[in-house]
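This briefing is meant to be read beside the sequence and the coordinates. Please keep both in view while going through the points, which are grouped by topic.

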Amino acid sequence: MVQVPTSLSRPQPLKWLAFVRRQIRSSELWLIAVAILVGATAGALATFQAKIAHGLQIFLFAFDPEQRLSAQAAIVPWRVLAIPAGGLVLGLGTWLWQRYSPGGAVDPVEANALHGGRMSGRDSAFICAQTLLSNGAGASVGLEAAYAQAGGAAGSLIGRALALRRADLRTLVGAGAGAAIAAAFGAPLTGAFYAFEIVIGAYTVANIAPVAAAALAAVLVAKSLGAPTYLLGTSVTAVQTWPVYGLYALLGLVTAGVGVMMMRLVALADQWTVKMPIPPVFRPAVGGLLLAGIALMTPQTLSAGHGALALDLEADLGLKLLLTLAAMKAAASILSLSFGFRGGLFFAALFLGTLVGQAFAHLAAYATFLPVLDPTVAALVGMGALGVAIVGGPLTMSFLVLETTGDFTVTAATLVASLIASAVVRETFGYSFSTWRLHLRGETIRSAHDVGWIRTLTAGRMMRTGAPSIAADADLAEFRRRFPLGGTKRVVLTDAAGRYAGLVQTAAAYAEDAAGHSLTTLAINRDAVLSPELSIKEIMTAFDQTQSDELVVVDDQGQVLGVLSEAYATRRYADELEKARRDLTGET
């Protein structure tokens, strides 16, 4: 039989993929080209999602298509029933999905931190559908989570189709998520730094060009599809004096407190909701009824709040009204998330930040010895600072202010407040909203830094099997007969049931004072053991606490699985840490 050469028999698409894969590994320009494709896809997905959600809102609430839902003066009372109705559809859909498709989806931050950038296209599509329905029905959640989910999934799927390396795949996930945010606001710098600070966890020479190219491509595609550029058409007073900067630094402290309070309240509301005697399938509908009541008082609590933000910046609102709107918007967002509506706090944080900033300017005016703050500037600074407190990314939010206002002095004030808010939240709380939600699920990550490889360094994976063993009731003579000095450093003791009973160092069994002692009296670390699932950090902690050079790995029944030495665990950790550093910096 004639054999056809492999190079000729390989299908053309596979040959093309193999060619692109080789080029990406050898040339950064090819990775940039792929990132542009990812960015264009993310920009198109973000634009279409925004149009779908806005169209659904127009259908349900009957307002002018040129306006925003949250900017309406009032909503026809019976139309607010669309919120609980949407919640019911959402609850039923989620129940069916979980029944026939068990398992949880991961967002771009979790994917990059724990899974090397691997995301599910099917699960991501369902998350986007949940978010579109939630936002379209009027729940107080933003679409940015859906934008980032779709963009990150696009980067992951394209990268996995090309079988890219872990570091390149993580870069594409960040590029896709950041590009989607860039398209949503028409702000490429904002999107790029969203990718760096929030989704990838760092910016290096290796990932700057692909991420920036993706963000630019997304903005261009979004504009070509008719997406409006998000601009805050306001006339602001320049920030010029040090006392004013000092006041905005104080505003950074205030927004940090508000941000931490919001995240803790979401967690508490989640706990209370779970304890309520309401089946999970009906929770969004019940939450929708509560949201409908708030919406009847003010439509500004509906949806993300784009229209309300622009409306309130142009209006001269009093302190009492500002605080009332802030409290109602916060309550609506907390209710939406805790009762099962899908979405994020990205834009809610921006809207709340403008209200807090304006209220801060009013309060500062009561102190006549302080400089007068422009309410609009204070609103913009508060917007960026509270965005940092909840979402993270001080440069991301500072560039958002710059690209939406074009004012560098306001951007400088925003950066001051944002850095202070970021530092305070890190010191006192330690999480952004995305990582806080993961923490509540039992994860320990605090950023998108790649720590997934740490989970592969478990005691079960690193241990050496086949350790020499002897029964604990054997005498010293038998031990010396079976294990001559120099043959092995230590021997594992087991009881009559085969369970671990301690370690005996061979040198200790041959010491002059060992005569007359049983093996159990010579044994060490009888209670110090490792479980096979322990991570490298937990393993190193165990070595530090026990001051041991070697520890035995046992299963749930106490049966010996293997032995792990501190020296070997330390070497493996150092090797993997160096590999992760090289992947991050692009070194070979």
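What follows deals with two helix pairs and two sheets, taken in turn.

The model is a predicted one, and side-chain atom pairs count in it only at pLDDT 80 or more. In the helix pairs, the packing of α15 with α16 is at about 135°, and that of α4 with α6 is at about 165°. The sheets are the open sheet β1-β2-β3 and the open sheet β4-β5-β6.

**Helices α15 and α16**

- Helix α15, covering residues 346-365, packs against helix α16, covering residues 375-390, at an angle of about 135°, and the two axes lie 6 Å apart.
- Because an angle that is neither under 35 degrees, nor over 145, nor from 65 to 115 counts as oblique, α15 is oblique to α16.
- The crossing that these two helices, α15 and α16, make is right-handed.
- From α15 the contact draws on A349, L350, L352, G353, T354, G357, Q358 and A361, while α16 contributes P375, A378, A379, G382, M383, L386, G387 and I390.
- Sorted by class, the residues in the contact of α15 with α16 are 10 nonpolar and 6 polar, with no charged residues.

**Helices α4 and α6**

- Helix α4 (residues 82-100) and helix α6 (residues 121-136) pack with their axes 9 Å apart, at an angle of about 165°.
- Since angles over 145 degrees count as roughly antiparallel, α4 is roughly antiparallel to α6.
- The crossing of α4 and α6 is left-handed, whereas that of α15 and α16 is right-handed.
- On the α4 side the residues that meet α6 are G86, V89, L90, G93, T94 and W97, and on the α6 side they are R122, D123, F126, Q130, L133 and S134.
- By class, the contact of α4 with α6 has 5 nonpolar, 5 polar and 2 charged residues.

**The sheet β1-β2-β3**

- This open sheet is built from 3 strands in the order β1-β2-β3, and its pairing is mixed.
- Its edge strands are β1 (469-471) and β3 (500-505), each of which pairs on one side only.
- On average, and with direction ignored, neighbouring strands of the sheet β1-β2-β3 are turned by 30° against each other.
- Strand β2, residues 490-494, runs parallel to β1 and is joined to β1 by 3 bridges; S469 has V492 of β2 as its bridge partner, and A471 stands opposite T494 in β2.
- Strand β2 is mostly covered, with 5 of its 5 residues buried: R490, V492 and T494 point one way from the strand, V491 and L493 point the other way, and all are buried.

**The sheet β4-β5-β6 and helix α25**

- Here, too, the pairing is mixed, in an open sheet of 3 strands with the order β4-β5-β6.
- The edge positions belong to β4 (529-530) and β6 (560-565), which each pair on one side only.
- Strand β5, residues 550-554, pairs with β6 in the antiparallel sense over 5 bridges, and within this sheet L551 stands opposite L564 in β6.
- Helix α25, residues 536-546, lies across β4, β5 and β6, and runs at about 125° to β5.

Note on methods:
Residues are numbered from 1 along each chain as its sequence is written. This is a predicted model: local features need pLDDT of at least 70, side-chain atom pairs count only at pLDDT 80 or more; totals for chains, interfaces and linings use all residues. Side-chain values use heavy atoms; hydrogens and water are left out. Axes are lines fitted to C-alpha atoms, for helices over the stretch in contact, and angles run from 0 to 180 degrees between N-to-C directions. Helices (H or I, at least four residues) and strands (E, at least two) are DSSP runs, numbered from the N terminus. A crossing is left-handed if the near helix is turned anticlockwise from the far one by less than a right angle, and right-handed if clockwise. Contact means heavy atoms within 4.5 Å. Ala, Val, Leu, Ile, Met, Phe, Trp, Tyr, Cys and Pro count as nonpolar, Asp, Glu, Lys and Arg as charged, and the others, Gly among them, as polar. Two strands pair if DSSP finds at least two bridges between them. Buried means under 20% relative accessible area, exposed over 50%, partly exposed in between (1.4 Å probe, protein chains only).
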